[in-house]
Amino acid sequence: MSESKIVDARDTFCPGPLMELITHMKQSNVGDTLELLSTDEGSGADVPEWVNKVGHEIISNEKIDGVWHIKIRKAK
Amino acid sequence: MRILVVGGGTGGTIVANNLARRLSGEIRAGKVRITMLSASDKHMYQPGLLYVAFGQMMPDELYRDQASLLESSIDFHVDPVEQFQLDKKQVKTKSGKVHEYDILVIATGSRIVPEQIPGLTEGAETFYTEASAVKMFKHLREFEGGKIAVVVGVPHKCPIAPVELIFSLHDFFKARGIRDKVKIKYHYPIGRIHTIEQVAKWAKPHFDRMGVEYETLFNVKEVDVENKVVKSEEDTETSYDLLIAIPPHRGMEVIERNSLGQGGWIPTDRYKLTMNGHDNVYVLGDTTNLPVSKTGSAAHFEAEVIAENIASIVKIGTPVRDYDGKVYCFIEAGHDKATYAMFNYLNPPDLKEPNKPMHWFKMSYNKMYWTSVRGLL
């Protein structure tokens, strides 16, 4: 059964939002959904770039009150 | 009040010593008891491993007897915890002994798991253990030229290490007079050469100056040891003559076995440093699931907050301050210069150009660590 999880990487410079996301993706199963929260301005572009390159799926990507909410489904 | 510290690394040792000093009166009066349980009677200065890998420190310089680092009032046992029974406020150790507590501090650290990546254990050098650092040095010393590939697993301890490694490789082969025969290629998991944007911007012109090639968005998938090729999750590959890996890490097995946190990382409040749902359980260092660098520096600053708060709980019944995410990392930029990155949750680092005094400060700190971990610095 697939799970949904929030990865709260707001206000972090190291290891940073994308590195946090990769860590959590490695711990997840195919089909799981992760929602990354990030205050890093670059996340809106950086995260989809990696997700698309590695072959996972972006479900949604929006900025709400200064926080990026990026939902990803683990595809492989 | 029974305070139990599980783990005798940087974080646990600073918490215990700091508390023993703050609560010396209460301990003498028999109102407070501090116990530490550790898996080892030795304490290792882990940042020294990078120096061992380049022949600049000997392994025996990395160790002290753990008991010699602790305040005499701390009840220290080499007897690792096997069961955490948080509902009963007790732990059970390998020897079968049960320790009850009122406040628990978990500082069990992390471990490398190169076996998670096929071929990495057999095919790559690394420097995250004493044996592997010595082996890597011998390999570097015998290396007469060719292509070195550096790859980085996720997550990993000491996020500055990959960058320091590159500077050290450049200076090492330059000193041997064969830098022109060695091609260095650096691979990094995200879309720039370091996770901290300011470090990436600072390091990039230095990588260019040193002639270091780099590939970003490269997450190691497997190593073809026979053909000397490392492959990425992103479907790219690099051939090599010598592969050096920053191995991926996990939390300790005892944390996973006791279902305290996925991957061995315990869910922790980023300000209070308490385990989520357990106000009497503090977590620090590599053991937390916080989006904070897994470094001795983070453990040190977290330890000071935890010790101050536990002492104030004993004295006035309430904690007094929050952890602000502070981390201070030296960055060795080769064998004779260094800089540093200091930041917290809200303020990014402001990197200065590397200089010799900062390198000598770092070399001094390698000795001063033993004062620091005693809680005196």
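**View 1. The open sheet of chain B.** In this predicted model, 6 strands of chain B form an open sheet with mixed pairing, in the order β5-β2-β1-β9-β20-β19; strands are DSSP runs of E of at least two residues and helices DSSP runs of H or I of at least four, both numbered from the N terminus, and two strands pair if DSSP finds at least two bridges between them. Because β5 (75-78) and β19 (274-275) of chain B each have a single partner strand, they stand at the edges, and one side of each is left without a neighbour in the sheet.

**View 2. The pairing of β1 and β9 of chain B.** Strand β1 (residues 2-6) and strand β9 (residues 103-106) of chain B run parallel and are joined by 4 bridges, and B:Ile3 has B:Ile103 in β9(B) as its bridge partner.

**View 3. Helix α1 of chain B against the sheet and α10.** Helix α1 (residues 10-22) of chain B lies across β1, β2 (33-38) and β9 of chain B and runs at about 165° to β2(B), where axes are lines fitted to C-alpha atoms, for helices over the stretch in contact (C-beta atoms, placed from the backbone, within 7 Å), and angles run from 0 to 180 degrees between N-to-C directions. The axes of α1(B) and helix α10 (residues 296-316) of chain B come within 8 Å and cross at roughly 30°, which makes α1(B) roughly parallel to α10(B) (an angle under 35 degrees).

**Conventions.** Residues are numbered from 1 along each chain as its sequence is written, while chains are lettered from A and ligands numbered from 1 in the order in which they are written. Local features need pLDDT of at least 70 and side-chain atom pairs count only at pLDDT 80 or more, whereas totals for chains, interfaces and linings use all residues.

Conventions. Contact = placed C-beta atoms within 7 Å. Parallel < 35°, antiparallel > 145°, perpendicular 65-115°, else oblique.
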